[in-house]
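Me: Please take a close look at the nonpolar core of this model. I would like to know what builds it and what lies around it.

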Amino acid sequence: MDCENAEFWMREALSEARKAESEGEVPIGAVLLLNDKIVARGHNRSIVANDPTAHAEIVALRHAAQVFRNYRIPGSVLVVTIEPCVMCVGAMIQARVEALVYGAPDPKAGAVTSHFGLTEAPQLNHRIAVTSGVLEAECRALVQSFFEARRQ
């Protein structure tokens, strides 16, 4: 995915992240693409749904799986504002997501480049192509401002 397209789709993911923020959730958003079209959207809903698995990525993957009536979504691209955690990368591997585009790294829980390298782990049966740093400053600022406001 070229830089211009990646930024376009990341703006859609940022829109989802802002929805999460308006609901009092950590502002992380995701869009799932297939053939350069959004097939599912998601934003964090763990607090609202009382569901520890309701991360933006999982919400989008669940929606797409229901739409396609298949838990596998080969050829798909997941665009998410923050580096995914272990759970979310695991779900992407199970869904056979082809590529991941993310904005800012998550130095505490990121499982792609910050820790673990799960998208390229030789022990696993699927690899995911990764593009990172797309609109990184904007993605990072949204999360940082959310947590700064909560500390006050």
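Reply: What follows goes from the core to one buried strand residue, then to a helix and the pockets.

This is a predicted model: local features need pLDDT of at least 70, side-chain atom pairs count only at pLDDT 80 or more, and totals for chains, interfaces and linings use all residues. Residues are numbered from 1 along each chain as its sequence is written, and side-chain values use heavy atoms, with hydrogens and water left out.

The largest nonpolar core has 41 residues. Such a core is a set of buried Ala, Val, Leu, Ile, Met, Phe, Trp, Tyr and Cys residues joined through side-chain atoms within 4.5 Å. Buried means under 20% relative accessible area, with a 1.4 Å probe and protein chains only. Met10, Leu78, Val79, Met92 and Leu100 touch the most other members. Two or more residues each come from helices H1 (3–22), H3 (56–68), H4 (86–95) and H5 (136–151), and from strands E1 (29–34), E3 (77–82) and E4 (99–104). Helices (H or I, at least four residues) and strands (E, at least two) are DSSP runs, numbered from the N terminus. H1 gives the largest share of this core, six residues.

Start with Met10. Beyond its neighbours within four places in sequence, Met10 is in contact (heavy atoms within 4.5 Å) with residues including Val79, Val80, Thr81, Val101, Tyr102 and Cys139.

Thr81 sits in strand E3. Thr81 counts as buried because its relative accessibility is 1%. With the same sequence neighbours left aside, the contacts of Thr81 include Met10, Ala13, Leu14, Ala17, Ile28 and Cys139.

Now take H4. Its buried residues are Cys88, Val89, Met92, Ile93 and Ala95. Seen down the helix axis, they fall within an arc of 165°, so they line one face of H4. That arc is taken from the directions from the helix axis to the C-beta atoms. The buried residues of H4 pack against H3, E3 and E4. Arg96 follows H4, and its phi is positive, near 60°.

Last, the pockets. A pocket is an open set of points on a 1 Å grid over the protein atoms alone, where a 1.4 Å probe fits, with protein on both sides within 12 Å along at least five of seven lines; lining residues have an atom within 4 Å of a point. The largest pocket is lined by 25 residues, and Ile28, Ile82, Asp106, Val143 and Phe147 are the closest to its centre. H5 supplies the largest share of that lining, five residues. The second largest pocket is lined by residues including Met1, Leu33, Val77 and Val101.

Methods:
Buried means under 20% relative accessible area, exposed over 50%, partly exposed in between (1.4 Å probe, protein chains only).
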